[in-house]
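Student: I have a chain to go through. Can we take it by question and answer?

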Amino acid sequence: MGLLIRTAAVYFLLLTTLAAAAPGGVALQMLSETNLARTNPQRYAGYLLELRRQYQGRSYLMPGTVATFVMTSEGVAALDEAVRFLQKQKPLPALTWSQGLAESAGDLVRDEGGNGEVGHTGRQSGGVRQRIERHGTWSTRIAENIGYGPDTARLMTMQLIIDDGVADRGHRMNIFTPVFKVAGAACGPHPSYQNMCVMDFAVGFR
């Protein structure tokens, strides 16, 4: 059995004016957006190109706002690299929702939502494998993505695909790993970054 643990990309909000959306709805939308990216990567490249117009140096204006800027590490270079990746990416099958993996993700959202920490190991909930195995049995391979900041599933998914500041583009690779069949997500408020979403992936889970 294998385990992939990826570091979370952290985007710093200079000014946030929007309230967090309903966690349950955003979690389901995260799977829908992830599946849209997997099944139609060229269409998703178009969404990134729309976001590109919001860039000003190393920051970009959050779509739908007048004064919410996100500071990045790499600027538009990471977005352009993601667009090239998506334009070449072959479509993959959609992932199926796993309630057990969603509960595992929810454990970390509640943990970090309460203490303001970041990363894949919760103070109370534990590491990726520990949390997932608390809710069921996985097969072959597991992985986890975490995003902080954006208040919509599309912006959160774009952030993970761009993967600014993450050298191995681990979040993007998790989304486009062909062998993954199931996933579950949870989203909620975060004391420092306003919002967070966690998505856990597996080849099989019961």
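The questions below go from the whole chain to single residues, and the model is a predicted one.

Student: How many helices and strands does the protein chain have?
Tutor: Start with burial: 54% of the 206 residues count as buried. Contacts come next. Among those between residues at least 6 apart in sequence, 74% join residues at least 24 apart. The secondary structure comes to 7 helices and 9 strands.

Student: What share of the exposed area do carbon and sulfur atoms supply?
Tutor: The protein chain exposes about 8800 Å². Carbon and sulfur atoms supply a share of that area, and the figure is 54%.

Student: Which element gives the largest share of the largest nonpolar core?
Tutor: That core has 41 residues, and M30, Y44, L48 and I161 touch the most other members. Two or more residues each come from α1, α2, α3, α6, β8 and β9. The largest share is 7 residues, and the element giving it is α6.

Student: Which residues does I161 contact beyond its neighbours within four places in sequence?
Tutor: I161 is one of the core residues that touch the most other members. Y44 and L48 are on that list too, and both are among the contacts of I161. The full set is A37, Y44, L48, A82, L86, R172, I175 and F176.

Student: How many residues are in the second core?
Tutor: This core is separate from the one just discussed. Its members include A105, A186, M196 and V198. Its count is 9 residues.

Student: In which sense do β8 and β9 pair?
Tutor: Strand β8 covers residues 182-190, and 8 of its 9 residues are buried. A hairpin of 3 residues joins β8 to β9. At one bridge, H190 stands opposite Q194. The two strands share 9 bridges, and the sense is antiparallel.

Student: What is the bridge partner of T96 in β8?
Tutor: β8 also pairs with β6, residues 96-97. That pairing is parallel, over 2 bridges. In β8, the partner of T96 is V182.

Student: Which residues does the disulfide join?
Tutor: A search of the whole structure finds 1 disulfide. It links β8 to β9, between cysteines 10 residues apart. Both of its cysteines are buried. The S to S distance is 2.0 Å, and the pair is C187 and C197.

Student: Is the link of C187 and C197 right-handed or left-handed?
Tutor: The angle to look at is the one about the S-S bond. For C187 and C197 that angle is 110°, and the link is right-handed.

Student: Why does L31 count as buried, and how far apart are the C-alpha atoms of L31 and T96?
Tutor: L31 lies in helix α1, residues 23-39. L31 counts as buried because its relative accessibility is 10%, and the cut-off is under 20%. Beyond four places in sequence, L31 touches L95, T96, W97, A183 and M199. L31 and T96 are 65 residues apart along the chain, and their C-alpha atoms are separated by 8.4 Å.

Student: Which backbone nitrogen does the side chain of S104 reach?
Tutor: S104 is found in helix α4, residues 99-115. S104 has a relative accessible area of 0%, so it is buried. Leaving aside neighbours within four places, its contacts are R131, I132, H135 and D200. At 3.4 Å, its side chain reaches the backbone nitrogen of I132.

Notes:
Residues numbered from 1 in each chain as written. Predicted model: local features only at pLDDT ≥ 70, side-chain atom pairs only at ≥ 80, totals over all residues. Heavy atoms only, no water. Helix = DSSP H or I, 4+ residues; strand = E, 2+ residues; numbered from the N terminus. Buried < 20%, exposed > 50% of the residue type's maximum accessible area, 1.4 Å probe, protein only. Polar contact = N/O pair within 3.5 Å; in protein donor to acceptor, adjacent residues only side chain to side chain. Contact = heavy atoms within 4.5 Å. Pairing = 2+ DSSP bridges. Disulfide = S-S within 2.5 Å. Areas by Shrake-Rupley, 256 points an atom, 1.4 Å probe, with all protein chains shown as cover. Core = buried A, V, L, I, M, F, W, Y, C linked by side-chain atoms within 4.5 Å.
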